[in-house]
Amino acid sequence: MHLSGMGVADDSKSTFLELKRKKVHRYVIFMIDEKKKEVVVEKTGGPGESYDDFTAALPVNDCRYAVYDFDFVTEDNCQKSKIFFISWSPSVSRIRSKMLYATSKDRFRHELDGVHYEIQATDPTEMDLEVLRDRAKLGM
């Protein structure tokens, strides 16, 4: 099996667009379906869900991709929102899983038009809410 040959399920793209355009999801968690050889939606979180709800939905011992719609207020009191792509690869996950997610990431990320920032995390501290807030406010 050629690792970079992962497809992206149509549902994955349309769910991302719902998050981006319609704000019906706070986050979307994606997983690689090895049988179908494509990236599929595993879970979505409603607009009322918190960042803690999102991080709790990620498996502690396996990799995932996720997008999170981060709302914040700028210094001049403007309400803004930035979409983060998060590559979750916990250090305890299987080597094969890490490789699979690492080699398929760029291709999948490329399919999601409208992501502002990307974060790679191997443990929860690397994707703490403060990390997102700093990135969004600094605009980098």
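The following paragraphs describe the fold, the aromatic pairs and several individual residues of a predicted model.

The protein chain contains four helices and six strands, and these elements, read from the N terminus on, follow the order β-α-β-β-α-β-β-α-β-α. Along the principal axes, the C-alpha trace of the protein chain extends over about 50 × 30 × 25 Å. For a chain of 140 residues, a compact globule would be expected to have a radius of gyration near 14 Å, and the value of 15 Å found for the protein chain agrees with this expectation. Of the 140 residues, 42% count as buried. Among the contacts in the protein chain with a separation of 6 or more, 62% come from residues that stand 24 or more positions apart.

The surface and the charges of the protein chain may be described in a similar way. The accessible surface comes to about 7,600 Å², and carbon and sulfur atoms contribute 50% of this area. The protein chain carries 22 positive and 24 negative charges, and the mean position of the positive charges is 4 Å apart from the mean position of the negative ones.

Aromatic rings were examined next, with two rings counted as a pair if their centres lie within 6.5 Å. By this rule the model holds twelve aromatic pairs. In one of these, the ring centres of Phe70 and Phe84 are 6.0 Å apart and the ring planes stand at 80 degrees, so the pair is classed as edge-to-face, given that planes over 60 degrees apart fall into that class. Phe70 belongs to strand 4 (residues 64-73) and Phe84 to strand 5 (residues 79-88), so this pair ties together parts of the chain that are 14 residues apart in sequence. Both Phe70 and Phe84 are buried.

Strand 5 also supplies a ring to another pair, which links this strand to a helix. Phe85 and Phe108 form a tilted aromatic pair, with a distance of 6.1 Å from centre to centre and an angle of 55 degrees between the planes. Because Phe85 lies in strand 5 while Phe108 lies in helix 3 (residues 95-111), the pair ties together parts that are 23 residues apart in sequence. Phe85 and Phe108 are likewise both buried. These two residues are also members of one aromatic cluster, which is formed by Phe30, Tyr65, Phe85, Tyr101 and Phe108.

Helix 3 also holds Lys98. With a relative accessibility of 25%, Lys98 counts as partly exposed, since this class covers the values between 20% and 50%. When residues up to four places away in sequence are not counted, Lys98 touches Cys63, Ser89, Pro90, Ser91 and Ser93. The C-alpha atoms of Lys98 and Arg64 are 9.3 Å apart in space, although the two residues are separated by 34 residues in sequence.

A residue in helix 1 offers an example from the buried part of the chain: Thr15 lies in this helix and is buried, as its relative accessible area is 6%. Leaving aside residues up to four places away in sequence, Thr15 touches His25, Val28, Val41 and Thr44.

Two lysines in loops are noted for their backbone angles. Lys23 is placed in the loop between helix 1 (10-22) and strand 2 (27-33), and its phi is near 60 degrees, which is a positive value in a residue other than glycine. Lys37 is found in the loop between strand 2 and strand 3 (38-45), and here phi is near 55 degrees, again a positive value in a residue other than glycine. In terms of accessibility, Lys23 counts as partly exposed at 37% relative accessibility, and Lys37 is also partly exposed, with a relative accessible area of 38%.

Towards the C terminus, Pro124 occupies the loop between strand 6 (117-121) and helix 4 (129-138). Pro124 is exposed, its relative accessible area being 58%. Pro124 and Val60 are 64 residues apart along the chain, and their C-alpha atoms are separated by 9.1 Å.

Conventions:
Residues numbered from 1 in each chain as written. Predicted model: local features only at pLDDT ≥ 70, side-chain atom pairs only at ≥ 80, totals over all residues. Heavy atoms only, no water. Phe/Tyr/Trp six-rings, centres within 6.5 Å; stacked < 30°, edge-to-face > 60°. Buried < 20%, exposed > 50% of the residue type's maximum accessible area, 1.4 Å probe, protein only. Rg over C-alpha atoms; globule rule 2.2 N^0.38 Å. Contact = heavy atoms within 4.5 Å. Areas by Shrake-Rupley, 256 points an atom, 1.4 Å probe, with all protein chains shown as cover. Lys, Arg positive; Asp, Glu negative; His and termini not counted. Charge placed at Lys NZ, Arg CZ, Asp CG, Glu CD.
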